[in-house]
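Thanks for sharing this one with me. Here are my notes on how some of its helices pack and where empty space is left, set out as numbered points.

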Amino acid sequence: MELLVGDVFRNAARAVPHRRAFAFGDRTLTFGELDRAGNRLAHALRAEGIGLGDRVAVWSDSCVDLVPLFVALAKLGAVFAPLNTRLGVDEAAPVAEMARPALLLVDPARFADGAALAGRVGVPWRALGDGPTGPDAPDDDPGEVAGLTGASPHVLFATSGSTGRPKGVVVSHRASVMRCHPGAQIEPRGTLVCPFPLFHMAAWTLSMQQWHARGGMVFTASADGAEICRAIEAHRANRAYLIPAVWRRVLDHLATPEGAGCDLSSLRFADSGTSATPPELLADLRAALPDAVLRVFYGSTEAANVLARDEAEADERPGSCGVPSPLVQVRVADDGELLVRSPLLFDEYFGDPEATAAAFVDGWYRTGDKVEADEDGHLSITGRVNDVIRTGGEGVDPTEVEGVLRTHPAVDDVAVVGLPDARWGELVCAVVVPVDGVVPSVEDLRRHGADHLAPYKLPRRVEAVDVIPRTLATHQVQRALVLERLASA
């Protein structure tokens, strides 16, 4: 039997057709409604020539229409390839080109940008939501697709690389289903609140885990603390997964007069991950959510969930990411890099065999994170092997930011590094050699880069130095030396 994502929705629609699959604002769809909506879209996309292995790029903010599209593409064997909507046209174009899509679907609110992006990429496009919704549209299952197997590509998520070139993480149907952690018995999971944007892998992994167990999702339009609290309270949600910076927003809202009356007592699991989770944050969450179990997860788009730590270990090992998750094997390379092997791993970087080969050693995935293990096998992240900055759950290529900031008239030279930060995991810091000693402010640099970079890539701190340390042969920034000099200063 093949493990196919479309079967997750078929099975749930047969078993619990009237149970709510997800809510977004004031709109909800049951599992039966979601399955039928996905079927209608599948028929329409098939009529447009979309089929097995075709990549459909999607450039849209989180909305209801994205979920049936996810279902439809899975049933057709086509590949769901979302683009980060925080990117402008100039930033999104190379990502879309990398995916080589057969079709681009765009949020109607970004109609003009969508036309520009489609023109840059040279791909047909239309607005998301333009499809058959009337009673006469066929909603029967599109049926089996010849050649569709568990090894077929299911999704393609773009990730930042240290070379400035976007990479497309391809995850198979089999790996996507395995990332649901399917068990022999269906256990009640309740409702999960998810503020992750729907271009982010975490949003779909969490959703698939819920839907496989026939639990419900509540998507929020933003990661605003007040909105998340309202969603938890209104839906009596049992679970929430927020990155550390967003949990802090929730706690900040609870400390306001407006948030003081919020009832979050329905939460039974309060999960976090994607960046460093400070012990202080966990202590504050324990005080605010005494009935919830606190858990911390470590993983990536390429590897899914790798390590997990439960609440009992929080006080004993405050800096630990925990132990390997089920089905996951890990080992530490001689240089301290964490290597992973599991059936949850991605298949390849799309169209980039060199990057794919470099990401593996003897079948083990190289995470790029350096770790230390204690005597009980609990692992702690100590740093990065490459230069990617992880801030608020997003990856930032420092060379891309440097290229933009270097054009500022007050910047003679610049290096961008990530500084440890309790809220964001890492803070984007611009280390500049100023022209004539006049150091530009953070606000000045952010304004300068706003037309070319997404907000999360812009610096939140500026430091001035006399010289940027670089290698003699290649003139590359020696970031370790930059960080060392900042620490000593």
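**Helix packing and empty space**

1. Let me begin with the pair α1 and α3. Helix α1 (residues 5-15) packs against helix α3 (residues 66-76) at an angle of about 120°, and their axes lie 7 Å apart. Angles from 65 to 115 degrees would count as roughly perpendicular, so this pair is oblique instead. Please keep in mind throughout that this is a predicted model.

2. Which way does α1 pass α3? The crossing is left-handed. On the α1 side the contact is made by V5, G6, F9 and R10, and on the α3 side by F70, V71, A74 and K75. Sorted by class, this contact of α1 with α3 has five nonpolar residues, one polar residue and two charged residues.

3. Helix α3 also meets α7. The axes of these two helices come within 13 Å and cross at roughly 75°, and α3 and α7 are therefore roughly perpendicular to each other. From α3, the residues L66, V67 and F70 meet W204, M208 and W211 of α7. What classes of residue make up the contact of α3 with α7? There are six nonpolar residues, with no polar and no charged ones. You may like to look at F70 here, since F70 takes part in the contact with α1 and in the contact with α7.

4. Now for the enclosed space. How many cavities of 30 Å³ or more are there? The count comes to three. In the largest cavity there is about 110 Å³ of space. Its lining is made up of F70, H154, V155, F157, V171, S176, R179, C180, M201, W204, T205 and M208. By class, that lining has eight nonpolar, three polar and one charged residues.

5. Which elements supply the lining of the largest cavity? At least two residues come from each of β7 (153-159) and α7 (201-212), and α7 gives the most, with four residues. This ties back to point 3: F70, W204 and M208 are in the contact of α3 with α7, and F70, W204 and M208 are also among the residues that line the largest cavity.

6. A further helix pair is worth a look. Helix α8 (residues 225-235) and α9 pack at an angle of about 80°, with 8 Å between their axes; α8 and α9 are therefore roughly perpendicular to each other. In this contact, G225, A226, I228 and C229 of α8 meet V246, R249, V250, H253 and L254 of α9. These residues divide into six nonpolar, two polar and one charged.

7. Finally, the open space. The second largest pocket has a volume of about 530 Å³. It is lined by 29 residues, and those closest to its centre are R86, P197, A223, R249 and E394. Which helix gives the most to this lining? Helix α9 (residues 244-254) does, with three residues. The lining has 14 nonpolar, nine polar and six charged residues. R249 links this point to the previous one: R249 of α9 is in the contact with α8, and R249 is among the residues closest to the centre of the second largest pocket.

Note on methods: Residues are numbered from 1 along each chain as its sequence is written. This is a predicted model: local features need pLDDT of at least 70, side-chain atom pairs count only at pLDDT 80 or more; totals for chains, interfaces and linings use all residues. Side-chain values use heavy atoms; hydrogens and water are left out. On a 1 Å grid over the protein atoms alone, a cavity is a set of points where a 1.4 Å probe fits but cannot get out, and a pocket is an open set with protein on both sides within 12 Å along at least five of seven lines; lining residues have an atom within 4 Å of a point. Grid points are joined across faces, edges and corners, and a volume is the space filled by probe spheres set on the points. Ala, Val, Leu, Ile, Met, Phe, Trp, Tyr, Cys and Pro count as nonpolar, Asp, Glu, Lys and Arg as charged, and the others, Gly among them, as polar. Axes are lines fitted to C-alpha atoms, for helices over the stretch in contact, and angles run from 0 to 180 degrees between N-to-C directions. Angles under 35 degrees count as roughly parallel, over 145 as roughly antiparallel, 65 to 115 as roughly perpendicular and the rest as oblique. A crossing is left-handed if the near helix is turned anticlockwise from the far one by less than a right angle, and right-handed if clockwise. Contact means heavy atoms within 4.5 Å.
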